[in-house]
Every structure is written in C-alpha cells, then in structure tokens.
Amino acid sequence: MLTVSTQAPTPTLPSPAILWGSRKFPRLSKPLRRVPSPPAGRGEREGTHRISDGEGEVDSGERSGIPHPGSSPGQALTPALSAPGGGEGTIKAVSGYKIREYRSPAIPGSSPGRGGLGRGKERLVVVGNGMAAMRTVEELLARAPDRYDITIIGAEPHPNYNRILLSSVLAGEKTIDEIVINPFEWYVERGIRLITARPATAVDRAGKTVAIADGERVPYDKLLLATGSKPLAPPIPGLGLPGVGAFRDIGDVEAMIEAARLHRRAVVIGGGLLGLEAAWGLKRRGMSVAVVHLMPNLMERQLDVAAGELLRRDLDARGIAFFTDAQTEEISGTERVEGIRLADGREIPADLVVLAIGIRPNIDLARAADLAINRGVKVGDDLRTSDDDIFAVGECIEHNGQVFGLVAPIWEQAKICGARLAGDQTASYVPPPVFTSLKITGVDLFSAGELCAADGNDDEITLHDAKRGMYKKVILRNNRIVGSVFYGSVADGPWYTRLMRDKVDVSAFRDQLVFGRAFAERAGAPLPRIDIAAIADSEQVCGCNGVSKGAICRAIVAKGLATLDAVRAHTKASSSCGSCTDTVEAILVHLGAEAGPRNPDPPICKCSELGHDAVRQAIRLQRLTTIAAVREALGWKTPDGCQKCRPALNYYLLCAWPGTYRDDQQSRFVNERVHANIQKDGTFSVVPRMWGGLTTPGELRAIADAAEKFAIPTVKVTGGQRIDLLGVRKEQLPAVWAELNKAGLVSGHAYGKALRTVKTCVGSEWCRFGTQDSTGLGVQIEKMCWGSWTPHKVKLAVSGCPRNCAEATIKDIGVVCVEAGYDVVVGGNGGVEVRVSDHLVRLATETEVLEHIGAFLQLYREEARYLERTAPWVARVGIDYVRRRIVEDAEGRPALHQRFLISQRAVQTDPWAERAGGAVAHEYRVLAELG
C-alpha cells in the first residue's frame, strides 16, 4: 500500500523498564533504566538521551567516530617515536599487524628528558591519539607549524586510524592498514614524539606534567585532552566471561574476527547504529547473528517507528534475527560464553556476545585533576576547560550541556581548538547540524534534525510504500524543514539538509516536497542552488572527513584536479558517506576557469585528442557507421589507428548501430576473434554455456566424450558454475565445437567482453532457506542477456536468500531473493580490487527484475567507456545517477530495456556453430608444421 499523508501526530511515550549491567566493563553507579522519551521533536537533539544512569552517557544511537584513549592498555609496549634526548635511535612500531622500524633523526636544539623536543618552543602534550586529537594537531600544524614541541600519548599500540571504518574492517571490506589516517612515518616527519601503548595516568596541574603508565612524567605548557569515551555496561552476571566484548577499537575487531573464524553464533546487545554495523560485519564473516535491543524500535535516535520497522524487516531478510523491547537478564556460560537469557525467560545461544549499547565520556583523568566536569569535561566556546592551559575535544567533552558521539561536530571542535592553540583568540565553537547514514550493503537510510513533530503546530509530510521498502518523512515548522527521515530512497537527503540548514521557506513547492528534488524542480519552484561563491573558504564541506571549501579549492587549483574521484583521492572530501558530493562537484564547476585545463574525458588513445564520450557522441550525431569513417571524420592522427582505439571503435559502432554495423573481426583481441581463451602455452580453453549453472546428463556426457575424443588434458569446474576444457589446440577448435553443438551446447563467451555467466544457487526448489526460485530466474536472465557485447566482461548471480551462496553482492549485477521479492544490486567486483555492489532497487516480480537488468546493461553499454567494468563505471557516475536513470525514470527504463532487446536480436547467434560450419576457416588452419 502506498500512502501519502500530512499530519501533526500525537507523540507517544515508551514505558519504563530496567536494562541490565556489567562486571567486565567500567561499572556504572546505578543500573541503567529506560526512561520516558521527551516529547518528540525539540527535546530530541544530540545530548538529550533516552537511556540514562543519571551521569549522562550517549545511547547506542550515537555513532561513535572518535577513539577512546585509555579504554585498554594495548597488547604490547611500543617505544615513543623519538630516541631519548633527541639523538638517533632505531625504534619499532606496530602498524596494523606488522612491526616496522624507523630511524629517528636527532633534532637540533633538543634537550634530554624531553623526548627529543627542541628548546625555545612551548610544549604541547596531547592525551589521546585518536581522530579528534590528531585532527586538532593537523589544524594546529596548518596554522602554526613551528609554535610547539608536541608529544602525543596514546593508549593503543597503533597510530591514528579511522574508527568510523572499523565496521568495514569487521565486514572484510577493508584491512586495518587501509584505515590508518596518520602512519608512524607522519609523526617522525613532523618531529612529533608519539608514545603508544602507555596511557596517561594522572595530570599534575600545579607541576604541569602528565604521568604515563611506566612512571615517566611529561611536562607541558599547554595540554589537550582527547580521552574519548568508554562503552556503556551496567553490572550483569556473566559479562566478564571470555567471548564477551565491546566494539570500540582495533583490538575488539581483531577479537571478533578471530571469534567468527572459530565459532558460529553471535549476539549483539544494542540495536543502534554501532550495534547494527557490528551485527552486519559478523554476518558477513559467516556467523549466525541475533540482535537484542532494549527499545521497541531499532536506531530510535535516528529513525522513527515506521522507518525502524522497515530497517528491521530488511535486516531480518538478510538473516539477522531481532529481539526488540528485550531486556538482558544474564549472560550464561562456565569456561566461556554460551548464551544470554532475557528477562521474559527466553534464551539465545551464543559463542560471542558484543556489547554496543552506547558510550560515556571518559572523564577519569579530568576528574582526578579536579577539572570542572558534569557528564563530560566542561568546555567553553574556546574549547578550554576550567584550567586556561588545558583544552579538550571529542567524545570526552561537554559543551553547553551537550556531549558528542558523531564525527561532524567533533571535526568542528578540532578546527576551533587548533585555531585557538595557534593563537587565534576569536575562534568560537558552534556545533554544526548532523545527519546519519548506515553502512550496510543494500540498506539506505538518512536522517537529519527532528524525527517527529513537536506539537500540533508542526507538520509531518510522509510518503510510505511498504511493499517497495521506501519511506520519506519531512517535518515542517512554519513552512521550514526542521527534520527529515528517509529509508530506501536517500539520494535527495543532502538537498533536504541544505534546505533545513538555510531555513528555506518551502511553501511555494510544498506539494511536491516529499517526492524529491526532481519533482519540485519540474514544478517550477524557486529552489536554492549551491552558491559556491557565497561559501566561505573556512566553511566545512565534508563533515565526515572535516574538509573545508578552501582546502578543496586549493587542491583543485594546485594539482589541476579534473574529476570527483581525483578530488576524493587528494582531499578525502565526498569519499565517505557521499552526502557532500553535490557541493564538491559544484566547486569543480565553479573553478573551471581557475583550475587550468582539465579533461574529465581522457583521450581514447594517442591517435586522437578526443575522449571516449566525445567519440561516441560524434558516432551518433554524425551517423558514422564504419571505423574508417570515424577516423576520417574525427581527424585521426594515424590512418589505421592502433591496438587501443581499434577495439574501442569497433565496440562503439556495434553498440550504436545494432543489426546494421558489420563487426570488424580484425579489430578484436585474439580471444574474441577465435572465440576461445588463449592459454600461456598457446593452446585454448573451451567453456560451453550452462544456463544458470544447470546441466543435464546428456550435456555432461557430450563434454566427457569431446574431452576423450580430442585428448583434452584438463577438465575443470569454474567459479562461475561452468566446465572448462583446457589445452585445446587452435586447429581443433571447430571440431570440438561441432561435437558440443550436437548436444545443444553453445558458446559460453568466457573469452569476450560480454556476458560471461549467471551464477545461481538452488533456491526455493531445493534449499530449505530459499525464498524464491533463484535458479529459474537465473536461467531467464542468462537467456535474455547471452551474446551481448559490453564494454568489459559482465558476470551476474542470483542468490535464493540473503545467505547469498551465489555471491551476488560482488557481481556486476546481482539479485538477492528475499521474502518481499528481489533486491537488485550492481557494480560489484570480486577481482583484484574487491568492490561490494551498490543496492539499486527492491522489486516484487521476476518481470520487473528482467526489465531493470536489461535497462542497466543497456545504460552501461551506451555510456561506459571501453574496457571500463561496471564497478569503476558506477563509482565514476555515482549510484544515485544510475538509480535516477533505471529506478526513478518510469519512461526511460522501458526504453533502455527495449533498446537492449533490439540489440540482442542481432547477436544471439552461436559463434561456435558458425565456425564449426566452416566460417572464417582460415583462422584455424595450420600454416605449416616445423620440425
């Protein structure tokens, strides 16, 4: 059912209930209780928390992006990255899983006892080596690189790393080394003393020193506290058992990965953002996962009830079990954890229990130093504590009654604190607006500001299509957006946030508002545009990575950056959640004249200065129908082209004029020319097509007979559920094909820039977990798509349930069958650079799946560059663009699908049968035998 409504609802209050507690984790002074929510709306700002023990912690909805030095002592002692007294010395440092050695050069003017620090400078000591601390140091170094001798004290044995991406490490999408922000070399190059695996234990404000775990006292003139937070855990029986842990740092992730390797069942306690990311990561590691959440609604701080239910339904379909409105009474086990028992008597077996209910500011050091504290270390707008020489940033602080767990406001703290330390006495902290997104494949959600109307004066406009898993809600106050919640369709999230931030009066296009930006623009509404000139250079554009407009502009101009990918690579802007992509692209356009010559469409080869896109456009507009005509019309520098442009031009013409263009075999690579894969010894492999991975005894018998008749040395099952005959001599190919043709087997195109395979599992026909007929759907897809020529090879898969046995989420196109229908994902790659696919759409019928796949393939065929696989193509154009063309354009999608079907009429002829019948026989004739 599709519903659109405008109303001001009556707020509802959850009933109180006791939560649970811990022995392993820092003990709370009193048991946690679920407290009544404030009236939805104004009371739900960051810092107003629904779970409380009276001391002010952040519940599991607060996504922690900042490390918590002091949370664990680390596994190994790592010397500081400077020799005693500043002399030369060899040091060992842990980086990810590796031990590396560095030579620390002597620093002129250094004095003993100061770790190699120079004389004449102020001494800055930073307690904490996490994201908040190091971003502050980076901001300071950018403004006043020579003002301080800097010592950094970290509790973990690692350099500064991106805690936000720990969930990606857990899910196997990144390695620990890949999430390091500042490697050990970075500290050495800047003369910074780094102390790792030795946490700070005390601050002597009178003597202005910091004591660390091994007894050393480090003197300071200015001190920066960035001690982060601790995981919440009230006392509960069994929390100290082996196999129970938190999800906060690299050590926790390593323990969870090891547990997933040895065990099968996991329970995550906490259904907020961090808990769900932990659950998904463990699921990706092959564990059976259950999530226990105290509240009735998942991610209740970011999602309302309707969106939370859609999220629960989608994750449940992906194989994660949920126990909501559930209180954990006990963690059971003897030698290690064996399960948990809920207050209602239900028991859940578990080999691993992960606690992710929230965080509390780590204020132990500040409390012992007698600094002003409340829920966090109290700071003013200048980020100073009650001691003028001590600053504080990150999850440990409290500013105007607010504590922090999201990265965007903490980046702003780092910017202001760095400016203050550099001597700017005017810099003042104002928390920026924040938004939330979830990093789980196939789940798209976005929220910003208020979740619900505060009272009858506010309006809620909702669009809810439960069948397709799509939900949009916009909250208005005086015709201005004060909040939004999106699920399943989030592309316009940044646009709504910009309208909210700029306090735009939306009354002129209110009727179209909930349908998104495109509908509002078509209605002629006077919508705001991104005014790049009006944005100050100091204004933050990328909240996830703390990148300002000025930093982006300087990188574009200085390095001549031409594309969004290049800006991402050099500045990290738009490389995380992507919500600032529109603004970054607008900056690129705005700087077009200043950034120097840029060409986002690289030349096709040295024969021409024209790019792939320009050549394709000229072929269509000038109706060029042969390779020679293209070269002549477009002024090719070489009359016959080269090995790069000839195959590309052949493909572009084949795609532009299906059925009329005559394929130029001499412009193809050898594999495509002879329709078999050449091997390193000069022989070839033959891979017959097996529709959806299905075969018959007769086909298997024909393959075996051919292998014996032609003495084919190797017969191998491929990863794409086919059989590969390896070691066939070139002159044997037509005869081998003829033998296979007799059994009805045709070319599998395993050699071509074409559809290779459609991998399937057995699905609902045989599997007890199967939700749909994945095999039958895979056969339909393959029979629709076989023979098509594409910019690069294309592989598909259909999994019959979210367990994903067919590995659909790392294919060019994948279909994951769920109870509600079919999730279509695109742009995956399981090769050297693994890329998990992007969720495109959830569909209800097989007919819709076929149309969307055909439309996607045709869009890829028409717009991607030759030899560009779907993964880099989707990354280049953006999944939002693909969704607009395939999902949202109800007229354009069928047109694309029809063009694909029309092109298929000309290519669905078995090339093996043609050549077995004598076509291009000279290609397979032996010229002479030497010897």
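Mentor: A helix crossing is left-handed if the near helix is turned anticlockwise from the far one by less than a right angle, and right-handed if clockwise. This is a predicted model: local features need pLDDT of at least 70, side-chain atom pairs count only at pLDDT 80 or more, and totals for chains, interfaces and linings use all residues. Residues are numbered from 1 along each chain as its sequence is written, and side-chain values use heavy atoms, leaving out hydrogens and water.

Trainee: Is the crossing of α21 and α22 left-handed or right-handed?

Mentor: Helices (H or I, at least four residues) and strands (E, at least two) are DSSP runs, numbered from the N terminus. Axes are lines fitted to C-alpha atoms, for helices over the stretch in contact, with angles from 0 to 180 degrees between N-to-C directions. The axes of α21 (774-785) and α22 (846-863) come within 11 Å and cross at roughly 35°. The way α21 passes α22 is right-handed.

Trainee: How many residues of the contact of α21 with α22 are nonpolar?

Mentor: In this contact (heavy atoms within 4.5 Å), α21 brings L777, Q780, I781, M784 and C785, while α22 brings E846, V849, L850, I853, G854 and L857. Ala, Val, Leu, Ile, Met, Phe, Trp, Tyr, Cys and Pro count as nonpolar, Asp, Glu, Lys and Arg as charged, and the others, Gly among them, as polar. One residue is charged and two are polar, and the nonpolar ones number eight.

Trainee: Which residue of β24 is the bridge partner of I340?

Mentor: Strands β22, β23 and β24 form an open sheet in that order, with antiparallel pairing; two strands pair if DSSP finds at least two bridges between them. Three bridges join β23 (337-342) to β24. In β24, the bridge partner of I340 is I348.

Trainee: Which helix gives the most to the largest nonpolar core?

Mentor: A nonpolar core is a set of buried Ala, Val, Leu, Ile, Met, Phe, Trp, Tyr and Cys residues joined through side-chain atoms within 4.5 Å. The largest has 54 residues, and V137 and L225 are among those touching the most other members. With six residues, the helix that gives the most is α1.

Trainee: Is L383 buried or exposed?

Mentor: L383 sits in the loop between β27 (377-379) and β28 (390-392), and has a positive phi of about 65° although it is not a glycine. Buried means under 20% relative accessible area, exposed over 50%, and partly exposed in between (1.4 Å probe, protein chains only). At 0%, L383 is buried.
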